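Please work through the following exercises on backbone geometry, helix burial and sheet architecture. Each task is followed by a solution in steps.

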Amino acid sequence: MIDKIKHEPGQITRESLKLWFKHHLKYTLVDDQYSATKMDHFISLALSVRDHLVNRWLHTQQSYYEHNVKRVYYLSMEFLIGRLLTNNLINLGIYDEYKQALGELDHDIHELEEHEVEAGLGNGGLGRLAACYLDSISSLGIPGYGYGIRYEFGIFYQKIVRGYQVEKADNWLRVGNPWEIPRPRSLFPVKFYGHVQSIQNAKGEKEHKWVDTQDVMAMAYDIPVPGYKNDTVNNLRLWSARSSRELELEYFQSGDYFQAVQNKHESEIISKVLYPADHNQSGKELRFKQEYFFVAASLSDIIRRYKKCHTTFDEFSDKVAIQLNDTHPALAIAELMRILIDIEKVPWAKAWKITVNTFAFTNHTILPEAMEKWSLELFSRVLPRHLDIIFQINQDFMDQVQERYPGDLEKMNRMSLIEENHTKYIRMANLSIIGSHSTNGVAKLHSSILKEKIFPDFYEMFPDRFNNKTNGITPRRWLKACNPELSKLITDYIGDLWVRDLSEIKYLQDHINDPQLIDRWKKIKFDNKKRLANYIQETLSLEIDPNSLFDIQVKRIHEYKRQLLGVLHAIALYNRMRRNPKDFKTPRTIMFSGKAAPGYAMAKLIIKFINSVADTINADSSLQGKLKIVFLPNYSVTLAERIIPAADLSVQISTAGMEASGTGNMKLSLNGALTVGTLDGANIEIMEEVGSENIFIFGLNADEVMEKKQGGYQPREIYKQNLELREALDMVQKGFFFGQQPNLFQPILENLLDHGDPYMILADFQSFCDIQEKIGNAYLDIDAWTRKAIINVSRMGKFSSDRSIKEYAKEIWNVPVNQKY
């Protein structure tokens with residue numbers, strides 16, 4: 001049977017696809033038509049698709065060795081890859097063939113797609129960006145690899161119970177992962193604790209040995225990452241922690257069964273959960289060990305691969321480019337130095353040059369609390385050799401700073417790797433900048449803020465190292481896969497080159513006045529809205545009107561992202577409707593979705609506040625359903641793929657100067673939503689592309705925010721002067737939205753009125769209400785609205801992750817794109 005199955009490019013037939021599907025159902029899962037479940041059918045389908053990846057995967061890896069290519073390694077603590085079935089079929093170019101073949105076997109491919117369990121290996125934009133970048137690296141034919149952790153439990157499953165977020169374990173591996181390939185032979189020891197011995201070698205030179213360590217084994221799991229219709233299949237390698245000893249036999253034989261497996265448990269907890277709670281010392285230590293665990297294993301693997309073609313490290317930075325996705329992998333800088341100096345016996349100066357030329361650093365935040373730092377006490381206990389190396393790096397760097405800026409002790413203090421407070425810390429952002437040849441922000445504004453306000457001393461010293469790489473999204477997942485009808489409509493008008501090169505989508509604008517295009521566009525949007533409305537009815541038992549304006553704010557819950565501003569506007573709308581129901585001409589459904597970090601009390605209270613306001617408004621029959629508030633639980637890639645194609649309005653209202661870039665804004669715009677936003681992150685660049693007349697901008701800009709804070713901002717004065725705002729806050733104060741516990745939302749009020757309103761919610765309230773009124777009126781002319789939507793989509797070419805990766809490849813990694821190996 002297997003001999004009959006063809007799965008080389010150009011040889012795929014429906015018969016061969018059916019045979020391979022049935023083969024896995026029978027011989028891999030040992031099932032038949034009587035015992036197989038829908039999940040079994042999905043797994044059989046996934047395994048048969050994986051087989052199509054494997055030939056291309058092996059050929060890709062072999063060609064990289066044969067041509068001795070330079071490889072790119074993307075190190076990230078998060079990879080929010082989402083479901084893979086649809087994306088893999090699209091990139092392989094066999095989606096329609098499989099759909100037909102399965103139909104002939106009486107299986108609905110859409111039904112099977114719904115049985116895939118999403119890998120929750122990330123928390124938000126950072127991890128989703130990493131996944132988009134891997135897709136683009138493969139689609140551009142770049143020899144690239146992702147490295148991360150195979151968390152047994154991913155980001156938590158969010159339930160909403162009585163309006164509160166409740167976190168449940170996300171056991172995404174409960175039925176296995178059909179896409180991954182375990183590599184039990186790819187095992188690397190990772191050391192912790194111990195101490196450092198200094199000895200003299202035969203030449204009288206001092207050498208260092210890290211001894212008496214506790215070792216954990218890192219085992220590799222590989223997930224193939226196909227490019228779009230180019231036969232390139234790269235690799236995402238995730239590490240799982242394994243004990244170096246399965247059983248302490250002496251304890252077992254003496255009857256101490258718990259102690260016999262204690263070592264195994266303590267070792268394997270490292271890859272157990274994404275982002276352990278770090279409010280206590282044990283949580284911090286586990287997070288620190290996770291970060292070192294995955295970079296140590298990754299570097300061991302990278303060096304193993306490099307040594308297959310090289311006997312010295314002279315060409316290492318010419319053949320290896322490592323991108324650090326934020327500061328989480330920054331320990332890789334110290335680890336590479338340790339390997340080069342202690343193990344490979346490379347002299348310090350040469351090792352440092354190799355290290356700097358190998359690493360590049362992407363910064364993703366300007367929030368001080370997100371700038372990682374680790375205490376010296378923790379470093380000295382867990383990674384004593386690395387602390388010695390960091391001390392030496394810092395001493396050399398401080399000598400350079402002193403030489404360039406003699407006597408400037410304040411500058412030395414700011415630039416030092418060591419924060420000299422009551423408790424001393426290692427600053428990981430400073431290490432990342434010093435140890436890399438490139439530091440980039442992820443939007444023009446963000447990169448300017450990094451250079452001018454966050455790291456001005458480093459920019460002054462290393463101006464050539466700083467650059468901008470505006471984020472992007474893959475159009476394969478975020479239009480072709482998630483919005484197939486709109487994708488087909490666009491292809492009907494301009495062809496399908498846009499899937500590979502999103503700049504081609506600009507030609508859609510040539511048809512802006514075609515009434516048939518506008519009518520088909522409106523129908524597709526309405527159908528997407530109906531599907532989302534049905535999903536909400538099925539999951540939340542809430543009826544919403546698909547003819548209403550879908551006002552969407554979906555993202556991680558954080559004060560600076562200002563979900564509170566959206567809720568306060570909803571309360572203002574509610575009060576207007578109660579006073580003058582006939583004046584309310586645009587029905588509106590305001591939707592929120594996102595997770596709050598388990599330890600972030602204010603964010604969790606905001607979720608409760610959204611749900612309490614929603615309960616009150618949705619229960620008010622006098623509104624006749626013209627205003628609904630919805631909180632969709634458990635935001636994920638899969639849920640985003642439901643929501644985004646249905647959105648009319650994309651709400652991107654972070655406090656100006658605080659959002660690094662955002663990519664949700666790009667996904668929503670690419671699917672035809674108009675943006676209401678502040679001049680923050682990538683909103684600015686979206687406005688530049690689509691035109692100020694096709695976007696709704698409001699509020700303070702970043703400079704005005706800073707001026708207001710420095711000028712003694714008084715939020716209570718706004719409260720006193722703005723009657724609509726005062727009415728809304730007074731309702732909260734009096735317990736209107738949660739009468740059982742009137743003071744529940746007092747912390748929110750105190751933040752806004754007594755603690756300086758740090759995120760300028762009250763300062764931007766009136767401007768937001770004004771622009772939303774303008775939006776409501778604009779939506780009444782649905783044809784004009786649709787034309788603006790088409791213009792937005794046609795001008796989104798810049799925001800492809802392919803464009804971003806081309807810039808990384810040319811300006812940072814020095815690797816070619818679209819080169820056949």
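The exercises below concern a predicted model.

**Exercise 1. Positive phi outside glycine**

Task: Determine where Lys345 lies and where Asp757 lies, and classify each as buried, partly exposed or exposed.

Solution.
Step 1. Most residues other than glycine have a negative phi. Lys345, which is not a glycine, has a positive phi of about 60°. Asp757 is likewise not a glycine, and its phi is positive at about 45°.
Step 2. Lys345 belongs to the loop between helix H12 (331-343) and helix H13 (348-358). The loop that holds Asp757 runs between helix H31 (746-753) and helix H32 (761-779).
Step 3. Buried means under 20% relative accessible area and exposed means over 50%, with partly exposed in between. Lys345 has a relative accessibility of 45% and therefore counts as partly exposed. Asp757 has a relative accessible area of 1%, so Asp757 is buried.

**Exercise 2. Helix H6 and its end**

Task: Compare the span of helix H6 (residues 125-139) with the expected value, and establish how many of its residues are buried.

Solution.
Step 1. H6 has 15 residues, and the distance from its first C-alpha to its last is 21 Å.
Step 2. At 1.5 Å a residue the expected span is 21 Å, and the helix is close to that value.
Step 3. Of the 15 residues of H6, 14 are buried, so the helix is largely enclosed by the rest of the structure.
Step 4. Just after H6, Gly141 adopts a positive phi of about 70°.

**Exercise 3. The open sheet and its helices**

Task: State the strand order of the nine-stranded open sheet, identify its edge strands, and describe how H10 and H13 are placed on it.

Solution.
Step 1. The order is S5-S8-S9-S2-S1-S10-S11-S15-S16, with mixed pairing.
Step 2. Strand S5 (181-192) and strand S16 (466-468) are the edge strands, each pairing on one side only.
Step 3. From one strand to the next, the twist averages 25°.
Step 4. Within the sheet, strand S1 (residues 71-75) and strand S10 (residues 320-325) pair in the parallel sense over five bridges. Leu75 stands opposite Leu324 in S10.
Step 5. Helix H10 (residues 281-307) lies across S1, strand S2 (144-149), S5, strand S8 (214-226), strand S9 (233-243) and S10. Its direction is at about 115° to S5.
Step 6. H13 also packs on the sheet, where it touches S10 and strand S11 (359-362). The direction of H13 makes about 45° with that of S11.

Note on methods:
Residues numbered from 1 in each chain as written. Predicted model: local features only at pLDDT ≥ 70, side-chain atom pairs only at ≥ 80, totals over all residues. Heavy atoms only, no water. Helix = DSSP H or I, 4+ residues; strand = E, 2+ residues; numbered from the N terminus. Buried < 20%, exposed > 50% of the residue type's maximum accessible area, 1.4 Å probe, protein only. Expected span 1.5 Å × (residues − 1). Pairing = 2+ DSSP bridges. Axes fitted to C-alpha atoms, helices over the stretch in contact; angles between N-to-C directions. Contact = heavy atoms within 4.5 Å.
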